[in-house]
Each structure stands twice: as C-alpha cells, then as structure tokens.
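These notebook entries record what I looked up, in the order in which I looked. I began with charged pairs and moved on from there.

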Amino acid sequence: MTSGSFPWPLLGLAISSGLILLLQDWRQTIPCLLISAVCQAWFLAEQQFLKPDISFGFWGFSTVVLVKFLAGVAVSTILTITALTFSKEYGLEDLDEFGLSELRRAARAAQRQAVPRPFQPGEYALTFWAMVLALFASLTLPRIYPIAPSPRIDFAWYWLGLTGLFTIATTSNMLKVGMGLLLCTGSIDLLYTAVASGSQASGVSVGAVAMLSLVMILLALVVAYLSGLLFGRLKTLELNELYKR
Amino acid sequence: MLYLSLVLFPIAMSASCFALRKYARLVVVAGVGVILAEIALILQVPLDEPVRFLGVTLSLNALSRLFLLIFLGIGGILFLVTWYIPHGENFVAVSLLILMMSITILLLQDPFLISLLLIWAGIVAVLAIVDLPVRAGVLVHTRLLASALKYLILMVIAGVLIYLGFVLAEVYRPGEVAGRLPLVRFILALLIGGFALRLALIPFHTWLPDLVEQVQPLVSALIIAIINTTGFLVLILSFQRLPVLLADNPNGTLLLRTGAMITMVLAGLMSLGAGSMRQTLSYLLIYNSGMIFYGLATTSVVGLTGALFEMVNQTVAVALIFVSLAMLEQPDGRTPGMQRSDLLRRWPVAGMGFLGGMLLLLGMPPFSGFASKQFLYHAAWQHGWIECALLLLATLFAGLALIRVAYTRLLGPQEEIPIPTPEMHGEIDLDRPVTQRLKPEPHVPAVLTVLLFLACLVVGLYPQPLVVLINNTIQDLTFVNL
C-alpha cells in the first residue's frame, strides 16, 4: 500500500469486524463477515510484497489474494445457508414419543422468548466497551510491539484477533461464536501472509494459505452443523439454554 | 507412493464409511481392514529417508513409527469394540480421518501445516462428540452440545496460538530490540499457552472433565489417546525446531516445571473431591499430562525418556480404561438408574481393566507406568528434593482418589443377589416370577481388554527395548542437555 493513499480496505475491514462484535442479528453480522473477508483480500492485494501472478483484464492480483477471497465467500455462504434453513426438521421419524414431546416443549419455550422487544441501548453496552478496548489495544500494540512489516498490517491483525476474541467472550449466540473463531483465524492468516512475504522470511506458501482457508471452511461447516443441532434441539441459538435444562 | 497411500487411503475409506454409515458392522469391518493395511504400509516405509512431495518434506523416524503403530493398534481395538458396544454412526469415519491427520502430522516437517492439521483434528473430533448411534431414537443431550462447543472453541484458540508462535518464529532473528519483551519469550509463551490448552494443563483444563463426563467412552479415548499424544509429539518437534526457546533459558524451564507441578498437585487434589468415576478419571488424566509435561520441561535425557515412555503408557492406558469403562456402563440386566458398588464382581474383566489402567497411570508396579514414573522422579530429584516431593505428593493424592473410587464403585459386596423363594402349595412354574438373568461380559471386548492389560504388564516387566529406542531418538534432539 502506498503510504499516502487513504486506506479504504483497512477502514472497511475495521468497521465490518467491529460491527460483527457489536451487532446481534445474523442478517447483519453475516454480510459484515463477507465484507470483512473481501476487504482483507483487497487490503492484501494492495500490499507490495504480494506480486500479481493472475491477470483479470487490466487488473492483476496474486493467487494468495484469490484464495482468501474465495474462502471468505465460501464461509459466508455456508453460514447464510445455515441461517436460512434453521426452520427445517431433520430425523424426526427416528425419535420416540419422549423426544418428540421434548421438542414440542422447547418450541413453546422458544416461541415465548421470541417476542419482539423494543431497542434497548443497554444490551449493547458490553459489546460497545469491548470494541472500544479492542480499538485502544489495536492502536497501541503496533507501537509497543510491532511484528509485521508495516503499522497498518499490525493494526489489521491485532484488530481482527481482538474483535474475534471479544466476540467469543461476549456473545451467547452460536453463530456469533463461529464468526469470532473465523475472525481469529483470519487474523493469523493475515499475519502469516505479511510475515512470510518479508525479505528475510521463507516466502508465502500457497499450500499453507490454502490449508488455512480450508480450516476456515471446515470451521464454518462445523459451526453450521452445531447450530443446526442446537436449533433442532432447543429451537433457539442462545447458548444459555444449553445450561438451563 | 507409500507416503501418498498412507495419507490418502484413510481419507477415501473414511468417505466410504460415511456413505455406508447405516450398515454399522460393515463399516467396522472396513475400518479394521484400513487399520491392517496402514500398519502394513508403515512397516514398508524406510526410516529416516526424507521425501519431497509438492514442496513438502515427509520423513519417518523410529519413534514416530512406534507411535503410529500404537495409534493404529488402538484405533483397531476401538473399532472392534464398537461392534459390540454401539457408538456414533460416524465413529469409524471420523476416527479414520483423525488417524490420517495424526499420520500426516508425524510424517511432516512443516510447522505451519502441522499446527493447521492439529486444528483440523480438533474440528473433526467435534463431529464424533455429537454423534449418536444409528437409529438411536433420542435427542442429542444439551450438555453434550455444550461440551462439543467448548472443545471446539478451545482447540481453535489453541491452534491459533500455536500457529502465531510459529509465524513469529519465522521473523525471529538473534539479537533483541531493547525495551520490549524479547520475541523468543513471546513465542515460548504463545506455544506453551496453545499446548497447555490442547493438553488440558491447569488452568486450561476445563474442557477435559466435561468431555470425559459427557461423551461416549470410546470417543474420549480417541481424543485423549490419539490427538493429545500427537499434540505432545508436536510440542517436542517445536522445541526441536526452535531450541533457542529452552536453551540457556533457566527461568523459562523453571516456569514450565512449576506449571507442570501445579497441574499435577491441583489435579490430584481435585480428583479427591470428584463426584463420579468419570470425573476422577478425568483429573487423573490431567495429573498424568502434568507428569509428561514436567518430563519435557526438564530438558534432560532422563526427564525426556520418562516423558516419552509415559506418553506410550498413557496412550495404552487410556484405551484400556475407556474400553473397560464402556463395558462397565453397559446395562447389565439389573434395575437400571442405580449407582452400583460391585462393578468388579459384576464385570470382572472390565473392572480389572479399569483398575489396571488407573494403576498404570499412577505408576504402580508391575505395570509399565512404574518404569516411566521412575525416570520422571529421577529427573525431578536432579532439580532438588522439593520438586521430587511435589511429584510424589501429587501421586499420593491421585492414589487416594483411586482408592476412593475402587472402594465406592468397584470392590463392594455383590448387590441384587437373586434369593430363591420356597415353592408355595399348588404353585407351578408359570406362577413364579421370572428369574433375573444377568448379561454376561461381551467376549470380544473382554479379550481385547485382557490383551491391553497383558501388554502393559509385559512392557512393565521388560521395558528395556522401549527405553533403548527412546534413548536413541533423544540423542538427536538439539534442545536436550546431554
């Protein structure tokens, strides 16, 4: 990235992952995850250490960027499909009467809780202050403990990692836990690409980048599977319910 | 070609087992067939002859081969037990994938790929945790889902920390920037944090008691015996790759030893207060992980010999204990839902296997754990009597916990003995209540338990070949103080 240009992709990355930490509804957080992945690929495409080896019309970019973009799209698609198909019921024919009655009871409990409530700012206080803390740490750590070749990359990976960790720590929603984990893996992915491309390092291995992308896709699939199981069992994605019965 | 077959064959067969999952017994036969084929392939691979494939170096040494053969043997035993004691419908498919990952990890030299494969193994294990047998007709228990989610989160975070440690190792150059935490210390902290989570060392242990308490026994065995042991081997590889982490770092090694001792003593204490047999077992496993970690942290030949030997023991002991536990918890024909105290009388082979495995974990003679624990106590003695006393104290706590479990669950007098009632006047056979028929111990799991028990005894009585093999491997490790 040229030092003088405005860092649009970095800004997009910061806002989208911050919104994942802040917002509750999957209809908002999953698009944010997609934007975060696209911005991450765009941010890396602007870095000088990744030489373009694929040309698309007038636009040349690196295979590593393409891999990250495709992984981000795949992960967002998996989570979107999962969220859209929660209402489907699977394997009911194998259940005995006790299981079926338990499902009916869970559905009634979830219905009672699903009554729309008015907007309450207090519900966002914890995540908001977590975001402020993550922002403060991400701005401070690149000065105290620089690791990547440039402060912007340091800010990006610290921010992604911290928002991911705070998302996991503050949410009680299964899908958001998955998104937090994906932000954390995105963070190390970014750092690896930046560090391994350095002049003294061994160079970026497309195999390692592809494998990390596969980890992200596998993680999204497992989170989707667990979300399906949780919703099928309790008709909600709230993790608090797991410990109530 | 051999390496490719070793890695790709289990993947292909795992997919086949997934497709055929409704035919549980056919899948078990296929799984055992894959295990036998993999053992044959591993025995064909030449030792210490690296091969480059797609930019990746693959190599097999004697110690890795030993562990791979043990993993495959245990995998085969677990598959055979599922024939008689049903587990999840995808148990064999998932186990084959996990075995493939362990094989690949032990063949690979690239730390980035290894740490990613460890994350993969953790993610795949989640599928086994929430799996139910074919046509089980019940819902997944909420606590099981909670355990699976906790395991997933902690394993991914552990993997992220380990990967981050390796990334920073890539930029590490001797000579530190003044005024900030030295990078080498930061890398050590990241790696230890990651491995402590993965190996359930206190205070990062919370996933293990949940897992052992909630999950089906053979799935726990798969995770602890194969994935955790592979984690220990990767930790050794990490120290070998970055000897600077421990070399000339007395404060660092002291910190690691202290962490290991805290793990052992606290786990021993917690096992005393555990509420169930499974909980006690989980804390004894954490105690043993602390023991192995202590051996590694001493960076001495005797400590590392003890640690590697103990890893072999733990792998076999975990298989023995969990197979026995699976048999002990089978419905036995008596009134269900009651806590029994006569399990050894009711299930003699399973009870003996459970007790034997626990004694092995504690290092009691004549089991193989005795020899490995001797090495570890010796290594502790080299660092002063206080450390040796703490190790012995932890073992004492663990031993008391085992005595409590044995007394309350295994060695009690026989319960629900059928009492013959005198025949009433004019009573015929049809009038009398049905005689209670107790189920016998399943034969094949019982035979497998006896085989594992005997293996532990034989290695305990003749440990020398294993010690020589481990010693030869340790000579090549650069971080060990010879």
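**Entry: a charged pair in chain A.** I looked up Asp25(A) and found it partly exposed, at 28% relative accessibility. I note that the model is predicted. Asp25(A) forms a salt bridge with Arg27(A), and their closest N and O atoms are 2.9 Å apart. Arg27(A) is exposed, because its relative accessible area of 53% is over the 50% cut-off.

**Entry: charged pairs in chain B.** I then searched the whole structure, which gave eight salt bridges over all chains. One that I examined joins Arg21(B) to Glu89(B), with 3.8 Å between the closest N and O atoms. Arg21(B) sits in the loop between α1 and α2 of chain B and Glu89(B) in the loop between α3 and α4 of chain B, so this pair ties together parts that are 68 residues apart in sequence. Both ends are partly exposed: Arg21(B) has a relative accessibility of 24%, and Glu89(B) has a relative accessible area of 22%.

I also examined Glu329(B), which forms a salt bridge with Arg278(B) at 2.6 Å between the closest N and O atoms. This pair links distant parts of the chain, 51 residues apart: Glu329(B) is in the loop between α12 and α13 of chain B, and Arg278(B) is in helix α11 of chain B. Glu329(B) is partly exposed at 39%, whereas Arg278(B) counts as buried at 12%. Returning to the earlier pair, I found that salt bridges with shared partners join Arg21(B), Lys22(B) and Glu89(B) into one network.

**Entry: where the chains meet.** How many residues does the contact take from chain A and from chain B? I recorded 44 from chain A and 39 from chain B. The area buried between the two chains is about 3,900 Å², and carbon and sulfur atoms give 79% of that area. I counted zero salt bridges between chain A and chain B. The search for residue pairs in polar contact across this interface, with both residues at pLDDT 80 or more, also returned zero. On the side of chain A that touches chain B, the elements giving two or more residues are α4, α6, α7 and α8 of chain A. Of these, α8(A) gives the most, with 15 residues. By class, this side of chain A has 35 nonpolar, four polar and five charged residues.

**Entry: two helices.** I looked up α6(A), which has 20 residues and reaches 28 Å from its first C-alpha to its last, close to the 28 Å expected. Because 14 of its 20 residues are buried, α6(A) is largely enclosed by the rest of the structure. In chain B, I looked up α5(B), which covers residues 111-129 and reaches 27 Å, close to the 27 Å expected. This helix is also largely enclosed, because 18 of its 19 residues are buried. Asp110(B) caps the N-terminal end of α5(B), with a side-chain oxygen 2.8 Å from the backbone nitrogen of Phe112(B).

**Entry: two buried residues.** Cys388(B) lies in helix α16 of chain B and is buried, with a relative accessible area of 9%. Apart from neighbours within four places in sequence, Cys388(B) is in contact with Tyr377(B), Ala380(B) and Trp381(B). Ser300(B) lies in the loop between α11 and α12 of chain B and counts as buried at 10% relative accessibility. With the same neighbours left aside, I listed Ala379(B), Gln382(B), Val480(B) and Asn481(B) as the contacts of Ser300(B).

Note on methods. Residues numbered from 1 in each chain as written. Chains lettered and ligands numbered in written order. Predicted model: local features only at pLDDT ≥ 70, side-chain atom pairs only at ≥ 80, totals over all residues. Heavy atoms only, no water. Contact = heavy atoms within 4.5 Å. Buried area = accessible area lost by both parts, 1.4 Å probe. Salt bridge = Lys/Arg side-chain N within 4 Å of Asp/Glu carboxyl O. Polar contact = N/O pair within 3.5 Å; in protein donor to acceptor, adjacent residues only side chain to side chain. Helix = DSSP H or I, 4+ residues; strand = E, 2+ residues; numbered from the N terminus. Nonpolar A, V, L, I, M, F, W, Y, C, P; charged D, E, K, R; others polar. Expected span 1.5 Å × (residues − 1). Buried < 20%, exposed > 50% of the residue type's maximum accessible area, 1.4 Å probe, protein only.
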